[in-house]
Amino acid sequence: QVQLVESGGGLVQAGGSLRLSCAASGSISRLNSMGWYRQAPGKQRELVAQITSSGSTNYADSVNGRFTISREDAKNMVFLQMNSLKPEDTAVYYCNARRVTWAKVDDYWGQGTQVTVSS
């Protein structure tokens, strides 16, 4: 099992910045990727940003150029720096860890942290 704990959400005005943090613990070896997803009210959960074990990154088109994902392996942490925030970025943000084996894909989730962007 992998435990994920997010922090750093809050209320910010449009144009502002927030930095989300995710601390991973447990069976974290051989994780293929870690990332951030978000879910707004009435909408499906969507990928925001992902970083692989080799350091490759992937971003949703809606946040590309504004958000940056990074990781600090020594502390088993992943971060999401969010700049130029927009009201449409308002959502619960979830940290994700994924392990892929030949037999299955295991996804682990944090409890989520609320990000609210006021106009």
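Okay, let's start with a pair of strands: β1 and β3 run antiparallel to each other, joined over 6 bridges. Before I go on, keep in mind that this is a predicted model.

Stay with β1 for a moment. In a regular strand, side chains alternate between the two faces of the sheet. You can follow that here: Val2, Leu4 and Glu6 make up the covered face of β1, while Gln3, Val5 and Ser7 are on the uncovered one. Now pick Glu6 from the covered side. Which residue is the bridge partner of Glu6 in β3? That's Cys22.

And Cys22 takes us straight to the disulfide. The structure has 1 of them, made by Cys22 and Cys95, with the two sulfurs 2.1 Å apart. The link joins distant parts of the chain, since Cys22 is in strand β3 and Cys95 is in strand β9, 73 residues apart. Is the pair buried or exposed? Both cysteines are buried. If you like handedness, the torsion about the S-S bond is about -85 degrees, so this disulfide is left-handed.

Next, the nonpolar core. The largest one has 30 residues, and the members touching the most others are Leu4, Met34, Trp36, Leu80, Met82 and Tyr93. Several strands feed into this core: β1, β3, β4, β5, β7, β8, β9 and β11 each give at least two residues. Leu80 is a nice one to click on. Setting aside neighbours within four places in sequence, Leu80 is in contact with a list of residues including Leu20, Trp36, Val48, Phe67, Ile69 and Tyr93.

Let's move to the other end of the chain, to strand β11, which covers residues 113-118 and has Thr113 in it. Thr113 counts as buried, because its relative accessibility is 11%. Its side chain reaches the backbone nitrogen of Gly9 at 3.3 Å. Not counting neighbours within four places in sequence, the contacts of Thr113 include Glu6, which we met in β1, as well as Leu20 and Tyr93.

Now for the charged residues. How many salt bridges does a search of the whole structure find? There are 7. I'd look at Asp89, which pairs with Arg38, their closest N and O atoms being 2.9 Å apart. Asp89 is in the loop between β8 and β9 and Arg38 is in strand β4, so this pair ties together parts 51 residues apart in sequence. Both of these residues are buried, and for Asp89 the relative accessibility is 1%.

Asp89 also meets Arg66 in a salt bridge, at 2.8 Å from N to O. Arg66 comes from the loop between β6 and β7, so here the parts being tied together are 23 residues apart. Arg66 counts as buried too, at 12% relative accessibility. Put Glu46 in with these three, and you have a network of salt bridges: Arg38, Glu46, Arg66 and Asp89.

For another salt bridge, see Asp73 and Arg71, with closest N and O atoms 2.8 Å apart. Arg71 has a relative accessible area of 27%, so that one is partly exposed.

Last stop, Ala40, in the loop between β4 and β5. Its relative accessible area is 19%, and the cut-off for buried is under 20%, so Ala40 is buried. Leaving out residues up to four places away in sequence, Ala40 touches Thr90 and Ala91. The C-alpha atoms of Ala40 and Thr90 are separated by 6.6 Å, although the two residues are 50 apart along the chain.

Key. Residues numbered from 1 in each chain as written. Predicted model: local features only at pLDDT ≥ 70, side-chain atom pairs only at ≥ 80, totals over all residues. Heavy atoms only, no water. Helix = DSSP H or I, 4+ residues; strand = E, 2+ residues; numbered from the N terminus. Buried < 20%, exposed > 50% of the residue type's maximum accessible area, 1.4 Å probe, protein only. Polar contact = N/O pair within 3.5 Å; in protein donor to acceptor, adjacent residues only side chain to side chain. Contact = heavy atoms within 4.5 Å. Core = buried A, V, L, I, M, F, W, Y, C linked by side-chain atoms within 4.5 Å. Pairing = 2+ DSSP bridges. Disulfide = S-S within 2.5 Å. Salt bridge = Lys/Arg side-chain N within 4 Å of Asp/Glu carboxyl O.
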